[in-house]
Every structure is written in C-alpha cells, then in structure tokens.
Amino acid sequence: MKIGVPQGLLYSKYHIFAKAFFEELGAEIIISPDTNKRILDEGVHSCVDEACLPMKVFHGHVSWLKDKCDAILIPRFIGIAEKQYICPMFCGLIEMVSNNITGLPVLIDAPIYSLKNDKLSEWAQKAGGTVTRDKSRVEAAFSEAMRMYRSAAAGYNESEYPLKIALIGHVYNIYDRFINMDIKNKLNRMGFGIVTFDTIDRQCIDAEIDKLFKKPFWSFAREYYGAAVNISKTGKADGIIYLSSFSCGVDSVVIELIQSEIGDFPFMVLKLDEHTGEAGTDTRIEAFADMLKRRCRLGNHLS
Ligand code: SF4
C-alpha cells in the first residue's frame, strides 16, 4: 500500500513518527516534494481565497499526491494538550481538502485530541487500521515510531556565529524554505546563527506562561510567547524575527502579547502570503541585521 504524506502544515513535527509508523506496518511512504511554485499555484487555485498561505500550500501538496498513492495521511488535529486549543483550521482541514480537491484517494483522517501517549496510541489503532487489522502489529509499530520520534533532535541552535537571531512562529513558516524565502540561509550568509523556538526548554516556556494573568488558550500561542520572552530575557539570541501568516488570528494575538512584554528587545514581524515579494523581504531582513550589528558594536549585545 502506498501512503502519501503531504509536506505541509505540521509535517515537520510528525514526519519522523509517521514515516516510521507506516513503514513498520509494511506500507510504502510517498512524501510530496519541498514546496515549490507549482505546488503553491495549485494550492492557491484549489483552496478558498480567505485561507492562510500554509493552508493553501497544504492543498497544493495534497493535489501533488492524489494520483500517486492509495491513501493520504491528513491527521485531524483537534488539540495537542488538554484544556488547550488549536487553530480551528486544523479541525476543519479534512473538510476543506475533500471539498476543494476532487479525485482524492482514501484519507487517513483519524482525530488527534492530545499528544499524550495513550491518546496517540488510540490514534495509531484507527490510522493503522487502513493498512492492517492486526492490533498487536500496530502497537509494535507505534512503539517503534515513538522511539524514533523521541530520539530526533528538534530545531536549530547555531552557536558557531557571533550574533544570533531567533525565529519564532508556526513550524510550517519556519521550516518551509519556499514559504519563508529561505530566511535561514539568508541570515547565515549575513553572519547570523539561528535559534528556533522549539529548542527552548518546556519549563522555561511554562514559567513565562505562568506569570500571565490570563493565559492564552491556544497551544501554539503559548509556545511562541513563552519562547520569545525567555529568549529576550536570557540573551539566547540578539533579536527575534516572527514569521507570521497574513490573516492568522493566533499570530495577531501572540505578536501583541510578545511586544507588550519584551520592551525594546529587537523584534521584527515578517508577514507571509502568496503575494509577499522577495525583494521587499530581503530589504527588511538586511535593515534588521544591520541594526543588530550596530547595537552589538555599541555594546548592547546581550550574550
Ligand atoms: S494558526 Fe494561523 S497560519 Fe496556522 S493554520 Fe491557523 S490561521 Fe493558518
């Protein structure tokens, strides 16, 4: 059986697990290619105009896969932690995709309510049922996939550079080099190392969230806020670039929260959508980088 895995949205978080899980069950995995202009154009064409760029890109990846596999994995994320919520676009993703794209194969769309082991094990039994009815085989594949997932290191923390910039925002903006116009390599070429929010300890993030009178109920917002504030206080980076999706409700709240807490710590928001021009983005990145270098020369370098 061939199972397609779209390289969009939370792919960077779950691909190691998904590949190991379905391969252990004997399926062949087909991963859509890195996002490119054709995938973006196909996504923009098939998705509704009002959707954010990552949703459109995801549609493009599904379109690329639909004739090449027997089933496509589209996990229905309802939540990733108890008493917290995820963007509603994820809950309705299956409906969006199946209404917008015709001729789809079977969709592996079992819901995920939490990333706790017992909940993920329930998901594995439902999703694995697409490949085999042997529950003990699914359980063994699940254990192996979790082992591989837990042993994989997340994120960038490049210590070999004299100055560092933290990238905060959705993983699908940070790790998709087409969406973010390869910002990591641009900054590296300018002499900056990258720190991503997912390298910040969970306890450090929770410590910042605990200080808030009203805690954000979106899981993503908590992570981004906690990581950004921790970075600004500890000097783990010299500045922060927030990669934001145009029209994203989560981003609009969390950016305000971060700015109200970090004071004059260097912070720039880059809004991304399918119309974002690379030349304008480069100019803003260069201006931000120059400002950080000047601050460093003037003695405001925090590390
Ligand atoms: S959180 Fe924002 S960027 Fe992500 S899917 Fe929802 S609206 Fe789009």
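**Figure 1. Backbone at S247 and M181 in the predicted model, two residues with a positive phi.** S247 is placed in the loop that runs between strand β9 (239-245) and helix α12 (249-262), and its phi is positive, at about 75°, although the residue is not a glycine. Most residues other than glycine have a negative phi. M181, which is likewise not a glycine, has a positive phi of about 55° and belongs to the loop between helices α8 (171-174) and α9 (183-189). With a relative accessible area of 11%, M181 is buried.

**Figure 2. The ligand and the residues that surround it.** The shell around the ligand is made up of C52, M55, C87, M89, F90, H170, Y172, S245, C248 and V250. Sorted by character, these residues divide into eight that are nonpolar and two that are polar, with no charged residue among them. Because domain 1 (2-151) and domain 2 (163-297) both give residues to this shell, the ligand lies between the two domains. Two residues of the shell, F90 and Y172, are also members of an aromatic cluster, which they form together with F197, F220, Y224, Y242 and F267.

**Figure 3. The nonpolar core around F21 and F22.** The largest nonpolar core of the model holds 102 residues, and the members that touch the most others are F21, F22, W123 and I241. Helix α11 supplies the largest share of this core, with eight residues. Since residues of the core come from both domain 1 (2-151) and domain 2 (163-297), the core lies between these domains.

**Figure 4. Aromatic pairs, with F21–F22 and Y85–F217 as two close-up examples.** A pair of aromatic rings is described by the distance of the centres and the angle of the planes. The model contains 15 aromatic pairs. In one of them, F21 and F22 meet edge-to-face, with 5.0 Å from centre to centre and 70° between the planes. Both partners are buried, F21 at 0% relative accessibility and F22 with a relative accessible area of 0%. Y85 and F217 likewise form an edge-to-face pair, because their ring centres are 6.1 Å apart and their planes stand at 85°. Y85 is found in the loop between β4 (76-77) and α4 (88-91), whereas F217 is found in the loop between α10 (202-210) and α11 (219-234), so this pair ties together parts that are 132 residues apart in sequence. F217 is partly exposed, with a relative accessibility of 43%.

**Figure 5. Lysine side chains over aromatic faces.** K68 lies over the face of W64, at a distance of 4.1 Å from the ring centre. In a second arrangement of this kind, K184 lies over the face of Y156, and here the distance from the ring centre is 4.8 Å.

**Figure 6. Two exposed positions, D210 and K214.** D210 is part of helix α10 and is exposed, with a relative accessible area of 54%. Between D210 and S114, which are 96 residues apart in sequence, the distance in space is 21 Å from C-alpha to C-alpha. K214 lies in the loop between α10 and α11 and counts as exposed at a relative accessibility of 63%. The C-alpha atom of K214 is separated by 48 Å from that of M1, a residue 213 positions away along the chain.

**Figure 7. Two buried positions, I258 and G235.** I258 belongs to helix α12 and, at 0% relative accessibility, counts as buried. The C-alpha atoms of I258 and N157 are separated by 21 Å, and these two residues are 101 residues apart along the chain. G235 is placed in the loop between α11 and β9, and it too is buried, with a relative accessible area of 11%. G235 and F265 are 30 residues apart in sequence, while in space their C-alpha atoms are 9.8 Å apart.

How values were computed:
Residues numbered from 1 in each chain as written. Predicted model: local features only at pLDDT ≥ 70, side-chain atom pairs only at ≥ 80, totals over all residues. Heavy atoms only, no water. Helix = DSSP H or I, 4+ residues; strand = E, 2+ residues; numbered from the N terminus. Buried < 20%, exposed > 50% of the residue type's maximum accessible area, 1.4 Å probe, protein only. Phe/Tyr/Trp six-rings, centres within 6.5 Å; stacked < 30°, edge-to-face > 60°. Lys NZ or Arg CZ within 6 Å of the ring centre and 35° of its normal. Near = heavy atom within 4 Å. Nonpolar A, V, L, I, M, F, W, Y, C, P; charged D, E, K, R; others polar. Domains from an automatic or database assignment. Core = buried A, V, L, I, M, F, W, Y, C linked by side-chain atoms within 4.5 Å.
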